[in-house]
Amino acid sequence: MGSQSGGGYTTSPSSFQALRRNVYTLSRRYPLDAENRFGKKVSDRTSEVVTATPLQTGQEFWRALSKGGKIREIQTKHGPGWIAEFSDRSHVVWRPMTTSAAKTGIDNPAVDIDVQTSGHGFPPRYRIHFKKGNR
Amino acid sequence: MTTVTHTLDQNGLRRLAGLRGQTWRCFGGVQVSDWLTDVSIFIVTDEEAVTITGETDDLDFEGEYDTYATFRVEDGATQLPIAAKAGNLYYFQTGQEILDVLVLRESVTEARDGHTTWTYVTDLGIVFKFADAVIAVTKVSHHTELLAVLRADSIDTLNVKEPSNVWQDKLGIEYTLDRYFIRLDTAPAE
């Protein structure tokens with residue numbers, strides 16, 4: 001992966017290639033489906049990973065997918081979250097609590113993957129919910 | 001049919017409209033990237049400052065809850081000293097008068113089998129117009145807090161990337177996207 005011109009900045013090391021690499025690295029442990037999505041597809045915008053430890057598994061996804069990105073804390077309606085941004089503006093968002101969790105009191109953290117570079121076979125944007133259960 | 005309007009509130013519009021005619025100094029943010037993105041951007045003029053922050057609300061008009069991005073505009077720039085220390089102030093168009101402030105608004109309409117099911121109206125960007133340039137603070141995504149600052153020679157050449165790629169036509173489902181600019185040349189009424 002080399003640097004490239006355009007926009008007056010260098011895309012390495014936080015380019016889209018880094019996110020793609022992160023996805024494939026994580027897929028060794030959590031396989032991707034035919035649409036290059038993690039977990040079980042629930043809808044076009046949501047997938048579900050069933051795990052005994054939703055928060056820990058969500059953190060594992062976040063750590064893996066955010067590598068090489070520019071990380072910022074955000075304030076969500078349900079508490080702090082984090083965004084990892086790559087230089088094509090693709091980004092991964094870690095939301096330790098989501099609306100469904102706030103409503104039910106059950107752990108239901110989420111990781112959003114928003115891909116801004118098309119043509120790589122990744123869905124443009126979807127959310128992975130981490131749901132408590134037996135994997 | 002459901003219509004969801006998720007736009008800047010009156011206070012935000014009033015703050016932005018009040019910048020018209022002022023002299024632009026700079027913009028910045030605590031963690032602005034080299035490609036001019038952050039989750040919060042402040043604008044400084046000779047007279048005042050405002051901070052534009054990306055936020056999300058949880059909405060359920062598409063059949064399931066999701067987060068939808070919105071702008072919050074507040075008075076002041078409390079993060080300015082930190083941003084200055086980090087070298088994250090940008091002086092493009094400094095000293096120029098803000099001739100206009102505009103909001104770029106988008107409506108997305110879903111139709112299933114020819115029947116409209118919902119319309120979502122939201123703001124995509126806040127545009128500051130100068131004599132020979134524009135600076136815009138825009139959403140990177142309809143669903144996250146990330147903002148991007150864009151620059152162009154004019155509104156016509158301002159290239160706000162479509163963040164609506166999640167709404168793609170499928171068999172029996174069609175999406176119609178419409179964009180328009182709203183001039184904030186007078187402060188909106190209460």
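Here is a walk through a predicted model with chains A and B, taking the sheets and helices before the cavities.

Let's start with the sheet in chain A. Seven strands make up an open sheet there, and reading across it you meet them in the order β1-β2-β7-β6-β5-β4-β3, with mixed pairing. At the edges sit β1 (40–41) and β3 (70–76) of chain A; each has a single partner strand, so one side of each is left without a neighbour in the sheet. As a reminder, strands of a sheet pair through backbone hydrogen bonds, and they can do so parallel or antiparallel. For a concrete pair, look at β6 (residues 110–114) and β7 (residues 125–132) of chain A, which run antiparallel and are joined by five bridges. If you want a spot to click on, Ile113(A) stands opposite Tyr126(A) in β7(A).

Now bring in the helix that packs on this sheet. That is α2(A), and it touches β2 (46–51), β3, β4 (79–85), β5 (91–95), β6 and β7 of chain A. Its direction makes about 150° with that of β7(A).

Helix α2 (residues 54–65) of chain A also has a helical partner, α1 (residues 16–27) of chain A. Their axes are 8 Å apart, and the two pack at an angle of about 140°. Because of that angle, α1(A) counts as oblique to α2(A). So who does the touching? From α1(A) come Leu19(A), Asn22(A), Val23(A) and Leu26(A), while α2(A) supplies Phe61(A), Ala64(A) and Leu65(A). Sorted by class, this contact has six nonpolar residues, one polar and no charged ones.

Over to chain B. Here five strands form an open sheet, in the order β6-β5-β4-β2-β7, and the pairing is antiparallel. Its edge strands are β6 (66–75) and β7 (89–90) of chain B, each pairing on one side only. Two bridges tie β7(B) to β2 (residues 24–28) of chain B, and Phe27(B) has Tyr90(B) as its bridge partner in β7(B). Helix α1 (residues 10–17) of chain B lies across β5 (49–59) and β6 of chain B, at about 45° to β6(B).

While you're on β5 of chain B, find Asp58(B), which lies in that strand. Which residues does Asp58(B) contact, leaving aside its neighbours within four places in sequence? From chain B there are Tyr65(B), Asp66(B) and Thr67(B), and from chain A there are His78(A) and Thr99(A). Ala69(B) is eleven residues away from Asp58(B) along the chain, and their C-alpha atoms are separated by 9.0 Å.

Finally, the empty spaces. The structure holds five cavities of 30 Å³ or more, and the largest has a volume of about 90 Å³. Both chains line this largest cavity: Arg89(A) and Gln116(A) from one, and Thr138(B), Lys139(B), Val140(B), Ala148(B), Leu150(B), Lys161(B), Glu162(B) and Pro163(B) from the other. The elements giving two or more residues to that lining are β10 (134–139) and β11 (147–152) of chain B. By class, the lining of the largest cavity divides into four nonpolar, two polar and four charged residues.

Conventions:
Residues numbered from 1 in each chain as written. Chains lettered and ligands numbered in written order. Predicted model: local features only at pLDDT ≥ 70, side-chain atom pairs only at ≥ 80, totals over all residues. Heavy atoms only, no water. Axes fitted to C-alpha atoms, helices over the stretch in contact; angles between N-to-C directions. Helix = DSSP H or I, 4+ residues; strand = E, 2+ residues; numbered from the N terminus. Parallel < 35°, antiparallel > 145°, perpendicular 65-115°, else oblique. Contact = heavy atoms within 4.5 Å. Nonpolar A, V, L, I, M, F, W, Y, C, P; charged D, E, K, R; others polar. Pairing = 2+ DSSP bridges. 1 Å grid on protein atoms, 1.4 Å probe; cavity = no way out; pocket = protein on both sides within 12 Å on 5 of 7 lines; lining within 4 Å. Points joined across faces, edges and corners; volume = space filled by probe spheres on them.
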